[in-house]
Number of protein chains: 2
Amino acid sequence: MLKRKGLLLVVSGPSGAGKGTICKELLKQNDQIKLSVSATTRKPRNGEVDGVNYFFLEKEKFQSMIKNGEFLEYAQIYDNFYGTPKAAIIECLENGQDVILEIEMQGARQIKEVYPEGVFIFVLPPSLNELKNRIVGRGTETEEEIAKRFSCAFEEINQIVNYDYFVVNEDVSKSSKEVESIILSEKNKVSRYKNNIIAKFKEEL
Amino acid sequence: MLKRKGLLLVVSGPSGAGKGTICKELLKQNDQIKLSVSATTRKPRNGEVDGVNYFFLEKEKFQSMIKNGEFLEYAQIYDNFYGTPKAAIIECLENGQDVILEIEMQGARQIKEVYPEGVFIFVLPPSLNELKNRIVGRGTETEEEIAKRFSCAFEEINQIVNYDYFVVNEDVSKSSKEVESIILSEKNKVSRYKNNIIAKFKEEL
């Protein structure tokens, strides 16, 4: 049998495109895929569990982890840090387990620099108008923020060229199945496994 | 809706790896995929139907098609020519229909030169020994031919580096599903559709 490393799936795209719902559906249908848990220095909110929603860290700990290169990516938002710890993910991948990471576009860019063998998936809204409707529908943003988001959306979509795959999020179940196909097909990619394949057959000679 | 061109799937690999059985299973499960029919100058055998098993052509016609560049690939085997006519395939692809082409490795190489956007799939036997057993089992080759095939097999497997995907043919139904995933995921590849995507969203601005 061919030993195959796990895949790191990086799911990103414009805010409101629906990356969260796709990931949730994918995880529901595929319990062998692991969701990466981010670390943060912000305080837990009501009901949030350490190690499930986030790893809640002290600022000193977070900063020393930055210094030691222990994050795949991190960002500071106002007073708080958010980041993706490297060690747990790498361990899963080495054990052949696939890991999914839902992240905004700047984080995805950072990850691509340090882990280009990741599978980068861009979630597209069916249209810009639909994207706007979704952001309005969430009711969490002010009118000004919505206008700003919308005007950035096209520019964000242009960044699709840095991704491997896109998924048009019209139907969450269809989108999740498309991601499943991406995972399966990546496990059949020659560029990932050619050395293992050739070595395996060489043993028989 | 995003307009997506059909895919040309080129299924190749060492003789005896099972490309034929995988293609048959895939076509049985997916009647929207079209099988490419080869042209030949050899005479039809009992029960062979023109346009189904082969397009049976006169040698003069075949040679004028070669001259006019009407083949994706062709080869002469002893006195007969075999080739893949381009026009019918290109028409299908333009109409968004996927076409599958089962072909030996030299033909696949020729196709890659003229149609690099094809999806090149290499069918691997589970092991070299298994490959030998299958060729022996077919009972169509002499002992000498079998020995020759086997000694070439490892060299052939090294050519996998020129392919996009591999499928280890242990279980035909599993292999066929892997090819299905490859087809689906290729339709979500940014490199294929980025210009269409950006143009589509630009219309909305």
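**Notebook: two chains, a few residues, two helix pairs**

I started with Ala39(B), which is buried at a relative accessible area of 0% (buried means under 20%, exposed over 50%, partly exposed in between, with a 1.4 Å probe and protein chains only). Before going on, a note to self: this is a predicted model, where local features need pLDDT of at least 70, side-chain atom pairs count only at pLDDT 80 or more, and totals for chains, interfaces and linings use all residues. Residues are numbered from 1 along each chain as its sequence is written, chains are lettered from A and ligands numbered from 1 in the order in which they are written, and side-chain values use heavy atoms, with hydrogens and water left out.

**Entry 1: Ala39(B) and Thr84(B)**

I found Ala39(B) in strand E3 (residues 39-40) of chain B (strands, E, are DSSP runs of at least two residues, helices, H or I, of at least four, numbered from the N terminus). I looked up what it touches, leaving aside neighbours within four places in sequence, and got Tyr54(B), Phe55(B), Leu57(B), Phe62(B), Phe71(B), Phe81(B), Tyr82(B), Gly83(B) and Pro85(B) (contact means heavy atoms within 4.5 Å). For one of these, Phe81(B), I also have the C-alpha to C-alpha distance: 8.0 Å from Ala39(B), across 42 residues in sequence.

Thr84(B) sits in strand E6 of chain B and counts as buried at 0% relative accessibility. I checked its side chain, which makes a polar contact of 2.5 Å with the side chain of Glu73(B) (a pair of N or O atoms within 3.5 Å; within protein, one must be able to donate a hydrogen and the other to accept it, and residues adjacent in sequence count only if both atoms are side-chain atoms). Beyond four places in sequence, Thr84(B) is in contact with Ser36(B), Glu70(B), Phe71(B), Leu72(B), Glu73(B), Ile89(B), Leu101(B) and Ile103(B).

**Entry 2: Tyr78, both chains**

I looked at Tyr78(A) for its backbone: phi is near 55°, a positive value in a residue other than glycine. Tyr78(B) has a positive phi as well, near 50°. In chain A the residue is in the loop between strand E5 (71-77) and strand E6 (80-85); in chain B, Tyr78(B) is in the loop between strand E5 (71-77) and strand E6 (80-85) of that chain. Buried or exposed? Tyr78(A) counts as exposed because its relative accessibility is 78%, and Tyr78(B) counts as exposed at 79%.

**Entry 3: where A meets B**

I pulled the interface totals next. The contact takes 39 residues from chain A and 39 residues from chain B, and the two chains bury about 3300 Å² between them, 71% of it on carbon and sulfur atoms (the accessible area, 1.4 Å probe, that two parts lose on being put together, summed over both). Which three residues supply most on the chain A side? Phe166(A), Asn188(A) and Phe201(A) supply 21% of the area that chain A buries against chain B, more than any other three residues.

Two residues of chain A that touch chain B got a closer look. Val167(A), in strand E9 (residues 165-168) of chain A, is buried at 0%. Among its contacts beyond four places in sequence are Ile22(A), Phe122(A), Val179(A), Ile182(A) and, from the other chain, Asn188(B).

Lys189(A) lies in the loop between helix H7 (172-186) and helix H8 (190-202) of chain A. I had to check twice: this lysine counts as buried because its relative accessibility is 18%. Its side chain makes a polar contact of 3.2 Å with the side chain of Glu186(A). Outside four places in sequence, Lys189(A) is in contact with Tyr165(A), Asp164(B), Tyr165(B) and Phe166(B).

**Entry 4: helix pairs**

H7(A) and H7(B) have axes that come within 8 Å and cross at roughly 115° (axes are lines fitted to C-alpha atoms, for helices over the stretch in contact, and angles run from 0 to 180 degrees between N-to-C directions). I read the residues off: Ser181(A), Ile182(A), Leu184(A) and Ser185(A) meet Ser181(B), Ile182(B), Leu184(B) and Ser185(B).

Within chain A, I looked up H5(A) (residues 128-138) and H6(A) (residues 143-158), whose axes come within 10 Å and cross at roughly 145°. Residues of H5(A) in this contact include Leu128(A), Leu131(A) and Ile135(A), and those of H6(A) include Phe150(A), Ala153(A) and Phe154(A).
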